[in-house]
Structure formats: structure tokens, C-alpha cells
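User: Hi! I am new to protein structures and would like to learn how the words used for them are justified. Could you take me through this one?

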Amino acid sequence: MAYDSASYMKDPELKAGLDALTAFDFEGAFEHFSTSAADGNPEAQVRLAKLYFSGKGCSASRPEALKCFMKAARQGNPSAMNEVALMFYTGNGVQKSADKAFEWFEAAASAGYPEGIYNLGCMYERGHGVAVDYAHACSLYEKASDLGVDKATFCLAHMYHNGYGVDKDLRKAAELCKKAADAGLGEAVADMGIIYLDGDGVPQDLDKALQYFQKARNMGVPNVEGYIDLVHEKMA
């Protein structure tokens, strides 16, 4: 049976918690979410976990956050599955385990959760918790990209650029990178500068390269000043 978030969202205690959260009443939100979570509402458990994680309205506790995420995940909440996987992957509040991270990312992806599909692709690309499989990683990145995950679009661009799991295609790589950059992903904006600087899949264009590097700098992307200086040198 598919996870039905709408039915859980009707809970009055959950709604009261959301109202409190909107009003920045974190202690009130914690109280309402706790009540709803104790009644077994996975949507409340996810929100309670995030309060424990951030320490808003309560004392911060990564182990308590994991417990709440786990309860929701075991009831089929896809975002909770992804959060559990991330905690196992990073070792945040729990013993680090690539195997358990893979298991929960796979569950989130199977439930159709876009970020879970992207993260599962990363596991296959890096060989974390599973054997490296570039072709499957590309398939997952493409699926996540189609669902609006810009990081997946950016990763797919790199796969085409390097010929990992797909035939090497610099033009396709540039198109995908531009799509991610246009969506506001800073890393992709910086990479577009490199693409135009080197003429990698596109005609070399120093003006466009400079524009992308300056935009990336304004977005707070690190290590672009050297590229800006290099473009100015080439323009001189």
C-alpha cells in the first residue's frame, strides 16, 4: 500500500504543531508533535525528529532524532527513510554504516522519493554499500533529474563528461550542466565557467566564462577567484 501522507496530515495535534512552527513557537510545536508522534503519526514523528536534530524547542539529540525518523521510516514515510540513510551514511548520531545507508536509500528510492533516488545513484557511483555500477547510477540520476533534483542533473553531466556508464558526450554534459546552473546550483554555475573557458562541448567564450565565474562568486562558491584572474589574463 502506498504511503498516504494526506490522511496523517488531518490530525489536529499535527496541525496545531505546524501552526506553532509557523509562529516560531518551537516549544509549542515540540509539545504538539510529541503528542501526535506518540499516537503513531509518522508525519509528526518526522517533524519531531527535525526539532530534536536542530535543538529547537528541546535539547538537541541526534539519537532521539534517529529514533523518531526510524519510527516514521518503518511506517513507510519516504522522507524519513532518506533521513535515516543520511544519518547512517554520515555517522551523525549513530555508528556510521554504508550498508545500512544503502538499505534505507534503496527503500526511499523504491518509494519514489526524488532525493532518495539521487542519493542511491551516488551510492552506486561511489561504490558505497554496493558494488560500483556507473550505468545504474546514470539511470538513477536521470530519473531524479526528471523529478527536479538539480544535484542529480549536475552529477549526470559529470557522468557524460567522463564517459562513466554512458558514452562520453561533451555537448550533452554541457547541456545538463547549464540546466543545473540555470536552476541555481552554484557548483554547476562555476563549472559552466570552466566549460566556456576551455571550450569543452561548446565554443570557447571568455566573456561567458567570466560571467559564470562572477555569478558563482556572488553565490558564495569557493575557489573561483583564480579562474576570474585567469580569464582576465587571457583577455588582456
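User: What is the accessible surface of the protein, and how much of it belongs to carbon and sulfur atoms?

Analyst: Good place to start! Please keep in mind that this is a predicted model. Its accessible surface comes to about 12100 Å², and carbon and sulfur atoms hold 49% of that area.

User: How many helices and strands does the protein have?

Analyst: There are 14 helices and 0 strands. Reading along the sequence, you meet the pattern α-α-α-α-α-α-α-α-α-α-α-α-α-α. The C-alpha atoms fill a box of roughly 65 × 40 × 30 Å along the principal axes.

User: What share of the residues counts as buried?

Analyst: Of the 236 residues, 42% are buried. As for contacts with a separation of 6 or more, 43% of them join residues 24 or more positions apart.

User: Why is N119 called buried or exposed?

Analyst: Let's set the value against the cut-off. A residue is buried under 20% relative accessible area. N119 has 10%, so N119 is buried. This residue is found in helix α8, and beyond its neighbours within four places in sequence it is in contact with N82, L86 and F105.

User: And D99, why is that one called buried or exposed?

Analyst: Exposed means over 50%. D99 has 54% relative accessibility, so D99 counts as exposed. Its place is in helix α7. In space, the C-alpha atoms of D99 and F88 are 8.6 Å apart, with their positions 11 residues apart in sequence.

User: What makes G165 partly exposed?

Analyst: Partly exposed covers the values between the 20% and 50% cut-offs. G165 has 38% relative accessibility, and therefore it counts as partly exposed. You can find G165 in the loop between α10 (150–162) and α11 (170–182). Leaving aside neighbours within four places in sequence, G165 is in contact with Y134, A135 and C138. D207 is 42 residues away from G165 along the chain, and their C-alpha atoms are separated by 33 Å.

User: How do you know that the span of α5 agrees with what is expected?

Analyst: The expected span is 1.5 Å times one less than the number of residues. For the 13 residues of α5 this should give 18 Å, and the end C-alpha atoms are 18 Å apart, so the two agree. The buried residues of α5 are A65, L66, C68, F69, M70, A72 and A73. Their cover includes α4 (42–54), α6 and α7.

User: What span does helix α7 reach, and which of its residues are buried?

Analyst: Helix α7 (residues 98–110) has 13 residues and reaches 18 Å from its first C-alpha to its last, close to the expected 18 Å. Buried in α7 are A101, F102, W104, F105, A108 and A109. Among the elements covering them are α5 (62–74), α6 (78–90) and α8 (114–126).

User: Which residues have the most contacts inside the largest nonpolar core?

Analyst: They are V84, W104, Y118 and Y141, in a core of 77 residues. Take W104: apart from neighbours within four places in sequence, it is in contact with M70, A73, R74, M81, V84, A85 and F88.

User: What makes the phi of F24 worth a look?

Analyst: Most residues other than glycine have a negative phi. F24 is not a glycine, yet its phi is positive, about 60 degrees. F24 lies in the loop between α2 (12–22) and α3 (26–38). At 65% relative accessibility it is over the 50% cut-off, so F24 counts as exposed.

User: Where is N223, and what is its phi?

Analyst: N223 is in the loop between α13 (206–218) and α14 (225–235). Its phi is near 65 degrees, a positive value in a residue other than glycine. With a relative accessible area of 71%, N223 is over 50% and therefore exposed. A glycine with a positive phi is found just after α7: G112, at about 85 degrees.

User: How far apart are the mean positions of the positive and negative charges?

Analyst: They are 1 Å apart, for 23 positive and 33 negative charges.

Terms used
Residues are numbered from 1 along each chain as its sequence is written. This is a predicted model: local features need pLDDT of at least 70, side-chain atom pairs count only at pLDDT 80 or more; totals for chains, interfaces and linings use all residues. Side-chain values use heavy atoms; hydrogens and water are left out. Helices (H or I, at least four residues) and strands (E, at least two) are DSSP runs, numbered from the N terminus. Buried means under 20% relative accessible area, exposed over 50%, partly exposed in between (1.4 Å probe, protein chains only). Contact means heavy atoms within 4.5 Å. Accessible areas come from the Shrake-Rupley method with a 1.4 Å probe; for residues, only the protein chains shown count as cover. Lys and Arg count as positive and Asp and Glu as negative; His and the chain ends are not counted. The place of a charge is taken as NZ of Lys, CZ of Arg, CG of Asp or CD of Glu. A nonpolar core is a set of buried Ala, Val, Leu, Ile, Met, Phe, Trp, Tyr and Cys residues joined through side-chain atoms within 4.5 Å.
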